[in-house]
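Open the model in your viewer and set it to cartoon. The stops below go from one pair of strands outward to the whole chain.

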Amino acid sequence: MTLLNIRPATVADAGLILRFIRELANYEKAEQSVQTDEIGIAESLFGADATARALVCEADGEAIGYAVYFYNYSTWLGRKGIYLEDLYVSPEKRGSGAGKALLKYIARQAVAEGCGRFEWSVLDWNTPAIEFYTAAGARPQDEWTVYRLEGEALKAFAG
């Protein structure tokens with residue numbers, strides 16, 4: 001039986017997290033979208049003004065996955081929530097319970113902190129992830145469409 005351990009990530013995990021981010025981007029067919037480096041991860045997740053948090057999942061002492069999340073806010077609920085930015089488990093370790101353990105870890109934190117919601121986005125073609133989240137009891141929010149300003153469009157609009 002595999003012993004899973006989930007722990008808060010530390011700055012020493014920045015390279016590991018970057019490796020997992022690149023693996024996830026590759027899986028999502030978006031390798032070219034990763035624009036950060038180890039220093040960027042260290043500063044953004046572990047710097048003095050960091051607003052996101054990261055977890056590492058280990059199986060028998062080996063890092064096999066990670067999650068990154070941050071707090072958001074619902075005006076309708078009048079409470080904070082948690083937004084899951086990334087949940088990733090190495091392909092050869094999927095099915096070990098690591099993904100579910102990471103999700104449950106954050107869900108327990110959300111409940112303990114009185115969060116009104118725990119939410120995330122899933123690519124519409126990612127059937128394994130959709131089935132995994134549906135089995136956990138999550139439901140799609142089909143009436144919402146995500147909009148994004150980034151890069152030059154963000155600069156132009158802000159200008």
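Select residues 79-89, which are strand E4, together with strand E5. The two strands run parallel to each other and are joined over three bridges. Show side chains at Ile 82 and Phe 118: Ile 82 stands opposite Phe 118, the latter in E5. This model is predicted, so keep in mind that local features were taken only where pLDDT is at least 70.

Now widen the selection to the sheet that holds this pair. Five strands form an open sheet in the order E1-E2-E3-E4-E5. The pairing is mixed. Which strands lie at the edges? They are E1, residues 4-8, and E5, residues 118-120, and each of them pairs on one side only. Look across the sheet from strand to strand: on average, neighbours are turned by 30° against each other, with direction ignored.

Next, select residues 98-112, helix H3, and keep the sheet in view. H3 packs on the sheet. Its contacts take in E1, E2 (52-59), E3 (62-74), E4 and E5. Compare the direction of the helix with that of E4: the two make about 165°.

Then colour the chain by secondary structure and trace it from the N terminus. There are five helices and five strands. Along the sequence they follow the pattern β-α-α-β-β-β-α-β-α-α.

Two cysteines make the next stop. Select Cys 57 and Cys 115. Are they buried or exposed? Cys 57 has a relative accessible area of 0% and is therefore buried. Cys 115 comes to 11%, and because buried means under 20%, Cys 115 counts as buried as well. With a disulfide taken as two cysteine sulfur atoms within 2.5 Å, the count of disulfides is zero.

Finish with the whole chain, and switch on the surface. The accessible surface is about 10,500 Å², and carbon and sulfur atoms account for 54% of that area. Of the 159 residues, 33% count as buried. Reduce the display to C-alpha atoms and orient the chain along its principal axes: these atoms fill a box of roughly 55 × 35 × 35 Å. The radius of gyration is 16 Å, which agrees with the value near 15 Å for a compact globule of 159 residues. If your viewer draws contacts, restrict them to residues at least 6 apart in sequence; 58% of these contacts join residues at least 24 apart.

How values were computed:
Residues are numbered from 1 along each chain as its sequence is written. This is a predicted model: local features need pLDDT of at least 70, side-chain atom pairs count only at pLDDT 80 or more; totals for chains, interfaces and linings use all residues. Side-chain values use heavy atoms; hydrogens and water are left out. Two strands pair if DSSP finds at least two bridges between them. Helices (H or I, at least four residues) and strands (E, at least two) are DSSP runs, numbered from the N terminus. Axes are lines fitted to C-alpha atoms, for helices over the stretch in contact, and angles run from 0 to 180 degrees between N-to-C directions. Contact means heavy atoms within 4.5 Å. The radius of gyration is taken over C-alpha atoms; the globule rule is 2.2 Å times the number of residues to the power 0.38. Buried means under 20% relative accessible area, exposed over 50%, partly exposed in between (1.4 Å probe, protein chains only). Accessible areas come from the Shrake-Rupley method with a 1.4 Å probe; for residues, only the protein chains shown count as cover.
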